[in-house]
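Please look through the model below with its fold and its aromatic side chains in mind. The paragraphs that follow take the aromatic rings as a starting point and then turn to the sheet and the helices.

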Amino acid sequence: SESGGGCELDQQAPQRGAGARSGDIAMAGFGGGMPGGMPGGMGGLEGLLGGLLGGGGGLDGIWDNPMIGNIAFHPSQVEPTHLGATTGPIRDGTFDVSGGDKVSYRFYVPSDTAALKAVVYFFHGNAEVCTAMDDVADMLHCQGAALLSIDYRGYSWGTGTPSLTKLCGDAEFCFMQSHALLDAAGCGSARKVVHGRSIGATCAVHLASKFGGKIHGLIIDSGLMSIKGLPMVQMMGPMLFAQQPGMFQMLQEPFDTLGKLASVSCPTLIMHGDKDEIVPYAQATQCHERCAAPDKKLQSWPGAGHNNVSVMYGDGWKQEIQTLLEQAVAFSCDFPAGALVEAHSLSTAALNGTQGRVLGPQGAERIRVQFADGEKALKPSNLKIIVEQGVEDFPVGADVEAHSLSVAELNGVRGKVMGIAGTDRVRVEFPAPHGEKALKPANLKLVNRLGG
C-alpha cells in the first residue's frame, strides 16, 4: 500500500503494460491503522471524525473530505508515450471534466478497424492506471474489439484530485467526448461495452444506466457496489460514530450503484471471486439480484480473492468476456432507460397520449415508465418512442440554427458548433454580438452537418 498502512486491493494481472500497478485499494486504508499515521484508539477515532465533519458540508460532505480521498484513491503519474496520436495501435490523450481538470486515457486500436465489432470502455481499480492494459487489449483485439482505458482525475498524465462524488459525473464527460475519438478512428458505429473493475464498476454501472440507448453490454468485475458494505468500513464506521450511532446509518452512499442497476437493460456479466477479502462476494449477489437486465449472469470464481482471478481463472475469464461481447453485438433495445415515450392503445383511456420517461425493464415483457402521476409497467406494444436529439447529433463544425429560446433575439440566428458543454448542452459560436452560447439540443436545428 502507498499510504496509511492500507492493504493492496487489485492485482488483476501481473504486468499489464507501462505503469502497471501492484494493486488497487478502494477504501482499504481503513485496514491498517489510521490515515496519515494517526494513532489508534478512541482518541484517534474522535480526531478522525472531527476532521471529517470539520472539513465542510457536515455529514453530507464526508465523501469529499481529503482524508477519505487519500484512503479511497492511490493515483500514480505515468508519462504518455503516444500523446496526441491519431494513427497507430496506441493513442493517448485526455478528456475535459468539470473545473478545468483533465482525465487521461489510452485508446488501443486494432489494425483492422473495418472488422471491429465493439469498443470496450474500461474503468480500472483505484491503484491502477489506464496504460496497464496491454495484454487485455491484445485479447480484445483477437475478439474484434478495441479498448478505451480511462483513468480518474490525478492519475497518469491527468490533472486534479480524484473524488468519490465526481467519479460518475467524470465518467459521463469522458463518455460523451469519446464519440469524436471513436469516429476519428473509424469505429464510431461499433457496439459499446462498459467494463468496470472494483471501484471502476461504479462508473460502468452509471453509464449503462444513464445511456441505455448507447451501451450494449456491461461487465462488472470484482465490482464495488457499496462502500458502506466493505468490511473495513463496517468495522470502522460504528466506531467513528460511537457517540452518535445513528449517523452511520444516515450516511448516504456516494454512488447509489445498487439503485442504478434497476435501469440497466443490456446484457450484463457479473464476475466475482467467492473468497474476495476486500469486496465481499455478497455484493456480487446483490448486484445480480438488483440488475434489471433480462440477460444477466453471475460468474463465481471458487477460491479466488479480489486480486488473483486472472491468475487462477485466466482462460475462463477471457471466455466469459468473449461471450458477453457476442451478446452485446447481437443486443438491441427499443426502449432504453431515459427514452421519452408516449402511451397508446390502453384500456385506461386517460393514460393514452401521455408522455413519460423509461426507467428500465421489468422482466422480459414490460417496461417501467415514469409518468407525471406515477410509475407504470407497460407492454412495449403500448408505447411509442418520441425521438429526441442529443448532443452527439451536433458534431463540431456543423451549422445550426437556434429556436424556441426565451431570448427572442437569438431565435433564427445561425452559428457553428464548437463542442460539448457538460453532458447535455452544445457550445455554439454565433456571430457578433451574440458570441458563444451553450444551448440544449432541443433549441437547435441542424442546418448543415458538414458546416459551410
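Is phenylalanine 175 buried or exposed? In this predicted model, phenylalanine 175 has a relative accessible area of 1%, and because buried means under 20%, this residue counts as buried. Tyrosine 121 is likewise buried, at 0% relative accessibility.

A search of the whole structure finds six aromatic pairs. One of them brings together tyrosine 121 and phenylalanine 175, whose ring centres are 5.3 Å apart and whose planes stand at 55°, so the pair is tilted. Tyrosine 121 belongs to strand β3 (residues 118-123), whereas phenylalanine 175 belongs to helix α4 (residues 167-184), so the contact between the rings ties together parts that are 54 residues apart in sequence.

Another pair is made by tyrosine 152 and tyrosine 155, with ring centres 5.6 Å apart; their planes are at 85°, so this pair is edge-to-face. Both of these tyrosines are buried, and ring pairs link Tyr152 and Tyr155 with Phe73 into a cluster. An aromatic ring also takes part in an arrangement with a charged side chain: lysine 228 lies over the face of phenylalanine 248, at 5.1 Å from the ring centre.

From the rings, the description can move on to the sheet. Eight strands form an open sheet with mixed pairing, and their order across it is β1-β2-β4-β3-β5-β6-β7-β8. The edges are taken by β1 (90-96) and β8 (296-301), each of which pairs on one side only. On average, and with direction ignored, neighbouring strands of this sheet are turned by 20° against each other.

Within that order, strand β6 (residues 217-221) and strand β7 (residues 268-273) run parallel and are joined by four bridges. Leucine 218 has threonine 268 in β7 as its bridge partner.

Helices complete this part of the picture. Helix α4, which carries phenylalanine 175, packs on the sheet and touches β1, β2 (102-108), β3, β4 (145-150) and β5 (191-197), while its direction makes about 135° with that of β1. Helix α9 (residues 281-290) lies across β6, β7 and β8, and runs at about 165° to β8. Read together with the ring pairs, the packing of α4 on the sheet, with β3 among the strands touched, is the setting in which the tilted pair of tyrosine 121 and phenylalanine 175 is found.

How values were computed: Residues are numbered from 1 along each chain as its sequence is written. This is a predicted model: local features need pLDDT of at least 70, side-chain atom pairs count only at pLDDT 80 or more; totals for chains, interfaces and linings use all residues. Side-chain values use heavy atoms; hydrogens and water are left out. Rings of Phe, Tyr and Trp (its six-membered ring) pair if their centres lie within 6.5 Å; planes under 30 degrees apart count as stacked, over 60 as edge-to-face and the rest as tilted. Helices (H or I, at least four residues) and strands (E, at least two) are DSSP runs, numbered from the N terminus. Buried means under 20% relative accessible area, exposed over 50%, partly exposed in between (1.4 Å probe, protein chains only). A charge sits over a ring if NZ of Lys or CZ of Arg is within 6 Å of the ring centre and within 35 degrees of the ring normal. Two strands pair if DSSP finds at least two bridges between them. Axes are lines fitted to C-alpha atoms, for helices over the stretch in contact, and angles run from 0 to 180 degrees between N-to-C directions. Contact means heavy atoms within 4.5 Å.
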